[in-house]
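Got the model open in your viewer? Keep the selection box handy, and we'll walk through it stop by stop.

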Amino acid sequence: MQFMLLFSRQGKLRLQKWYVPLSDKEKKKITRELVQTILARKAKMCSFLEWRDLKIVYKRYASLYFCCAIEEQDNELITLEIIHRYVELLDKYFGSVCELDIIFNFEKAYFILDEFLLGGEAQETSKKNVLKAIEQGDLLQENQSADWGGLPRDELL
């Protein structure tokens, strides 16, 4: 996978993860172009399209589009399954995820994605294992907050 984009029906980018090195200018150009292309497509159209030298796989869930770019030899159906698995993980964590969950908890959305995908490849296919790792991360974060006891960090050092 080259990158994953999450954007709203209004074209607002909510999350982006790039697995290939590109300049910010190129990322913005790609994002703008793809968002316009996908939003212009009709609901009954196929979720795959050829774009430049890549294949684009996207799926709409409620008000969010999940879009991935893969290489020509990669499997579109596996990519659709990866998108679906990520949505299931978000649903499990947030309890019926919505666009506002992504907006206000974007760091968690990135953390979940990073636990699931590594370098654009699925690193863990078990939802149970991914959710367990996320729970452990949450516990670690809570324990660190409690250990600081409300003191400014520089006073602890």
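## The whole thing

Start with the full cartoon: the secondary structure of the protein comes to 6 helices and 7 strands. Here helices (H or I, at least four residues) and strands (E, at least two) are DSSP runs, numbered from the N terminus. From the N terminus on, the order is β-β-α-β-β-β-α-α-α-β-β-α-α. Along its principal axes the C-alpha trace spans about 55 × 35 × 30 Å.

A few ground rules: this is a predicted model, where local features need pLDDT of at least 70 and side-chain atom pairs count only at pLDDT 80 or more, while totals for chains, interfaces and linings use all residues. Residues are numbered from 1 along each chain as its sequence is written, and side-chain values use heavy atoms, with hydrogens and water left out.

Now colour by accessibility if you can. Buried residues make up 36% of the 157 residues in the protein. Buried means under 20% relative accessible area, exposed over 50%, and partly exposed in between (1.4 Å probe, protein chains only).

Next, select residues 1-139. UniProt places the feature "domain: AP complex mu/sigma subunit" there, in an unreviewed entry; UniProt positions are given in the numbering used here, feature names are shortened, and annotations may be inferred rather than shown by experiment. The end C-alpha atoms of this span lie 30 Å apart, and the span is 47% helix and 26% strand.

## Stop one: a hairpin

Select strand β3 (residues 48-51) and strand β4 (residues 54-61). They run antiparallel, joined by 4 bridges; two strands pair if DSSP finds at least two bridges between them. Show the side chains of β3: L49 and W51 are on a covered face, F48 and E50 on an uncovered one. In a regular strand the side chains alternate between the two faces of the sheet. Look across from F48 and you'll find V57 in β4 standing opposite.

Now go to the turn. β3 and β4 form a hairpin with 2 residues between them. R52 sits in the loop between the two strands, and its phi is near 55°, a positive value in a residue other than glycine. R52 is partly exposed, with a relative accessible area of 44%.

Where else can you find a positive phi of about 55°? Try A62, which is not a glycine either. A62 is in the loop between β4 and β5, and at 67% relative accessibility it counts as exposed.

## Stop two: helix α2

Select residues 76-94, which make up helix α2. At 1.5 Å a residue, the 19 residues of α2 should span 27 Å, and its end C-alpha atoms are 27 Å apart, which agrees. (The expected span is 1.5 Å times one less than the number of residues.)

Which residues of α2 are buried? They are T79, I82, I83, Y86, V87, L89, L90 and F94. They cover an arc of only 155° around the axis, which puts them on the same side of α2; the arc is that of the directions from the helix axis to the C-beta atoms. An α-helix has 3.6 residues a turn, so residues three or four places apart point the same way. Spin to the other side of α2, and L77, I78 and K92 are exposed.

## Stop three: rings

Show the aromatic side chains. A search of the whole structure finds 6 aromatic pairs. Rings of Phe, Tyr and Trp (its six-membered ring) pair if their centres lie within 6.5 Å; planes under 30 degrees apart count as stacked, over 60 as edge-to-face and the rest as tilted.

Zoom in on F66 and Y86: their ring centres are 6.2 Å apart and their planes at 75°, so the pair is edge-to-face. This pair links distant parts of the chain, with F66 in strand β5 (residues 64-71) and Y86 in α2, 20 residues apart. F66 is buried at 3% relative accessibility, and Y86 is buried at 0%.

Then slide along to Y93 and F94. Their ring centres are 5.1 Å apart and their planes at 90°, so this pair is edge-to-face. Y93 is partly exposed at 28%, while F94, at 19%, counts as buried.

For a cluster, select F7, Y58 and Y65, which are linked by ring pairs.

## Last stop: charges over rings

Select K59 and Y61. K59 lies over the face of Y61, at 5.6 Å from the ring centre. A charge sits over a ring if NZ of Lys or CZ of Arg is within 6 Å of the ring centre and within 35 degrees of the ring normal. Finish at K108, whose charged end sits over the ring of F111, 5.3 Å from its centre.
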